[in-house]
Amino acid sequence: MKMHGSLYTDKAKVVNAFRKDEKVLLSFDSSSYFCVHEEPRELSHDTYYELDDGTKIERQQSVVMMAFQEKVSMLLRAKSKSVGIPLPLPKGEYRVDITVTTQRQADDVPPLLVMKSVLDGINKEIVENDRQIYECNIRYHYKKRYANASQYRSNESLKIALFDLGSSGGPIIEVSGDIYIVPKQSPILRDGGDRLLTDDADRHRYLARPLKRKMKIAPCKSYSIEMCFTGDTDDKDIDNMALIYYPILGHLGINEAQVHYLHLEKHKSTTSPSIETQIKCKTP
């Protein structure tokens with residue numbers, strides 16, 4: 001993460017699950033960087049949860065999304081088998097690089113939600129626990145439409161490369177193929193109405209308020225976003241932490257269609273928990 005000189009500091013008033021105010025320290029510059037000084041939080045992803053009366057609410061996932069995740073897993077399993085790599089990979093620290101090439105606009109394949117969908121496909125069968133993924137990035141490439149192109153030719157593709165962070169070599173497994181990309185979708189709550197699954201869902205709104213008063217992000221057609229989570233992160237999923245803090249960008253004027261590169265990483269620290277975010281105009 002880029003080092004910064006003079007920074008503003010402020011405190012955000014966040015209403016927690018017990019309806020009590022928390023004061024969260026923020027530091028930020030005037031245009032491209034902010035840091036939330038707290039232990040990184042992550043979005044809950046339990047399959048079931050209980051209401052106050054003890055009723056269990058089941059979540060039903062999208063069949064189309066699950067089919068996409070199975071295709072991701074199948075591609076990686078087939079490649080690993082062909083090169084003699086046993087799965088799941090041994091316990092370690094890994095990085096995943098994802099490249100999306102599509103004729104759809106970026107807001108139709110939001111980078112964080114596509115990343116989450118891909119990581120769900122990697123979890124368990126490829127990497128035994130996706131908490132072992134310490135870095136992940138995703139690139140969006142727009143593919144132009146041509147009037148004389150064959151209607152039977154796929155209009156999008158996906159490339160995935162998996163690296164061992166303990167090695168300086170190339171990817172352990174790398175696959176690519178024409179595939180219809182399905183971002184992570186919210187589950188249907190069976191018999192549970194439309195309740196939110198987490199009390200942290202509105203944290204971004206509270207955290208964005210002090211930033212909006214002084215940050216002016218330069219207009220740009222596309223942005224590169226880097227987020228670094230530091231603290232007690234070994235047992236947290238990198239994508240679920242991002243789901244709590246990524247929406248702050250929307251309150252600062254950046255929409256999904258403008259984010260063409262997203263990089264996430266996490267580091268273990270017992271002294272300085274924080275969430276750092278760097279915003280850059282993306283270069284070709």
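**Exercise 1.** In this predicted model, determine the order of the strands in the open sheet of 10 strands, and state which strands lie at its edges.

*Solution.* Reading across the open sheet, the 10 strands follow the order 1-2-3-13-11-12-7-6-8-9, and their pairing is mixed. The edge positions belong to strand 1 (8–15) and strand 9 (173–178), each of which pairs on one side only. As a last step, consider the turn between neighbours: neighbouring strands of this sheet are turned by 15 degrees against each other on average, with direction ignored.

**Exercise 2.** In which sense do strand 6 and strand 8 pair, and over how many bridges?

*Solution.* Strand 6 covers residues 94–102 and strand 8 covers residues 156–164; the two pair in the antiparallel sense, over 9 bridges. To place one position within this pairing, take Val100, whose bridge partner in strand 8 is Leu158.

**Exercise 3.** Which strands do helix 1 and helix 2 touch where they pack on the sheet?

*Solution.* Begin with helix 1 (residues 63–82), which packs on the sheet by touching strand 8 and strand 9, its direction making about 130 degrees with that of strand 9. Helix 2 (residues 111–122) also packs on the sheet, where it touches strand 6, strand 7 (133–142), strand 8 and strand 12 (259–268), and its direction makes about 125 degrees with that of strand 7.

**Exercise 4.** Establish where the confidence of the prediction is lowest and highest among the elements of the chain.

*Solution.* For the chain, the mean pLDDT is 88, and 83% of the residues reach 70 or more. Among the elements, strand 4 (residues 48–50) has the lowest mean pLDDT, 52, whereas strand 6 has the highest, 98. Finally, the pLDDT is below 50 over residues 193–199, a stretch that has 11 contacts in the model beyond near neighbours in sequence.

Note on methods. Residues are numbered from 1 along each chain as its sequence is written. This is a predicted model: local features need pLDDT of at least 70, side-chain atom pairs count only at pLDDT 80 or more; totals for chains, interfaces and linings use all residues. Side-chain values use heavy atoms; hydrogens and water are left out. Two strands pair if DSSP finds at least two bridges between them. Helices (H or I, at least four residues) and strands (E, at least two) are DSSP runs, numbered from the N terminus. Axes are lines fitted to C-alpha atoms, for helices over the stretch in contact, and angles run from 0 to 180 degrees between N-to-C directions. Contact means heavy atoms within 4.5 Å. pLDDT is the predictor's confidence in each residue, from 0 to 100.
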